[in-house]
Amino acid sequence: MQIENSWKAALKPEFSKQYFLDLQEFVRNEYKTGVVFPPGKLIFNALNTTALPDVKVVILGQDPYHGAGQAMGLSFSVPAKMRIPPSLQNIYKEIEADLGTTQPPDGDLTRWSKQGVLLLNATLTVRSGQPGSHQGKGWEVFTDEIIKTISEKRQDVVFILWGNFAGAKEPLIDSTKHLVLKAAHPSPFSAHKGFFGCKHFSKANAYLKEHGQVEIAW
């Protein structure tokens, strides 16, 4: 299990807990017997690309993409060669409206991760064509621990929670030392119910600047 060292140290107690051992066994078996996304080496891509001391912003997703070639272990992100999914198209539209920047040509958000944006899904694996198929197997316990770890060990992090699922994670975050931004989910079903116009990207950057940190080049 390849996990970046700062995360490995912070999350060490989790790896020996029964829920995680059961989860490991379940995931290993799923990869052996069927088609599962993302590729095994990218399960912990979010942690491996954004070390714990570097986290400035957390964007929480729910599930990896379940179509071939899409999931890359970063919430909302797809490899550069893939068509940009609808939710990410809406994210780009909001960035353009909020910051006046032109939309990037592809959906690979690794450039955000490298600037300190942790793109974390609550569930880190999924069966091909079956959204939600790996929910309730232990991943949420593990990723809740990641959120709590950031809240406890870091200062002045922006947590971006879109939609009801992500919004329900708010109690895990100490809002006296971090900024929590909530809005509707950017999916086509709900983007017009409060995602468009939320200005989360300028708000995040204003907060980072105010606390002496380098802004994100969204």
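This is a guided tour of a predicted model, moving from the whole chain to single residues.

**Whole chain**

Start with the full chain in cartoon view. The chain holds 9 helices and 6 strands. Along the principal axes, its C-alpha atoms fill a box of roughly 45 × 35 × 25 Å. The radius of gyration is 17 Å, which agrees with the value near 17 Å that a compact globule of 218 residues would have.

Switch to a surface. About 10100 Å² of the chain is exposed, and 52% of that area comes from carbon and sulfur atoms. Of the 218 residues, 54% are buried. Among contacts in the chain with a separation of 6 or more, 65% are between residues 24 or more positions apart.

Next, colour the charged side chains. There are 24 positive and 21 negative charges, and their mean positions lie 3 Å apart. The salt bridges number 7; three of them are visited below, starting with Arg 28 and Glu 25.

**Helix α3: Arg 28 and Glu 25**

Select residues 18-33, which form helix α3. Show the side chains of Arg 28 and Glu 25, which form a salt bridge with the closest N and O atoms 3.4 Å apart. The two residues are 3 apart in this helix, so about one helical turn separates them. Arg 28 is partly exposed at 43% relative accessibility, and Glu 25 is also partly exposed, at 48%.

**The loop after β1: Phe 37, Pro 38 and Pro 39**

Move to the loop between β1 (36-37) and α4 (45-49), where Pro 38 is found. The peptide bond joining Phe 37 and Pro 38 is cis, with omega about -5°.

Step on to Pro 39, in the loop between β1 and α4. Pro 39 has 37% relative accessibility and counts as partly exposed. What does Pro 39 touch, not counting residues up to four places away in sequence? Tyr 31 and Ala 71. For a sense of scale, draw a distance from the C-alpha atom of Pro 39 to that of His 178: the separation is 33 Å, with the two positions 139 residues apart along the chain.

**The loop after β2: Phe 76**

Select Phe 76 in the loop between β2 (57-61) and α5 (86-99). Its backbone deserves a check: phi is near 70°, a positive value in a residue other than glycine. Is the side of the chain at Phe 76 buried or exposed? Phe 76 is buried, with a relative accessible area of 10%.

**Helix α7: two salt bridges**

Go to helix α7, residues 139-153. Show Glu 145 and Lys 148, a salt-bridged pair whose closest N and O atoms are 3.5 Å apart. These residues are 3 apart in helix α7 and are separated by about one helical turn. Glu 145 is partly exposed at 21% relative accessibility, and Lys 148 is partly exposed at 29%.

Now add Asp 144 and Lys 169. They form a salt bridge with the closest N and O atoms 2.7 Å apart. Lys 169 lies in the loop between α8 (163-167) and β6 (179-183) and Asp 144 in helix α7, so this pair ties together parts that are 25 residues apart in sequence. Lys 169 counts as buried, at 9% relative accessibility.

**The loop between α7 and β5: Arg 154 and Asp 156**

Follow the chain from α7 (139-153) into the loop that leads to β5 (158-162), and select Arg 154 there. Which side chain of opposite charge is nearest to Arg 154? Asp 54, but at 6.7 Å; Arg 154 is buried yet has no salt bridge. A salt bridge here needs the nitrogen and the carboxyl oxygen within 4 Å.

Show the surroundings of Arg 154. Beyond its neighbours within four places in sequence, Arg 154 is in contact with Leu 52, Pro 53, Asp 54 and Val 55, and also with Thr 149, Lys 177 and His 178. Asp 54 is thus listed among the contacts of Arg 154, although the pair makes no salt bridge.

End at Asp 156, in the loop between α7 and β5. Asp 156 is not a glycine, but its phi is positive, about 60°. Asp 156 has 16% relative accessibility and counts as buried, since the limit for buried is under 20%.

Key:
Residues are numbered from 1 along each chain as its sequence is written. This is a predicted model: local features need pLDDT of at least 70, side-chain atom pairs count only at pLDDT 80 or more; totals for chains, interfaces and linings use all residues. Side-chain values use heavy atoms; hydrogens and water are left out. Helices (H or I, at least four residues) and strands (E, at least two) are DSSP runs, numbered from the N terminus. The radius of gyration is taken over C-alpha atoms; the globule rule is 2.2 Å times the number of residues to the power 0.38. Buried means under 20% relative accessible area, exposed over 50%, partly exposed in between (1.4 Å probe, protein chains only). Contact means heavy atoms within 4.5 Å. Accessible areas come from the Shrake-Rupley method with a 1.4 Å probe; for residues, only the protein chains shown count as cover. Lys and Arg count as positive and Asp and Glu as negative; His and the chain ends are not counted. The place of a charge is taken as NZ of Lys, CZ of Arg, CG of Asp or CD of Glu.
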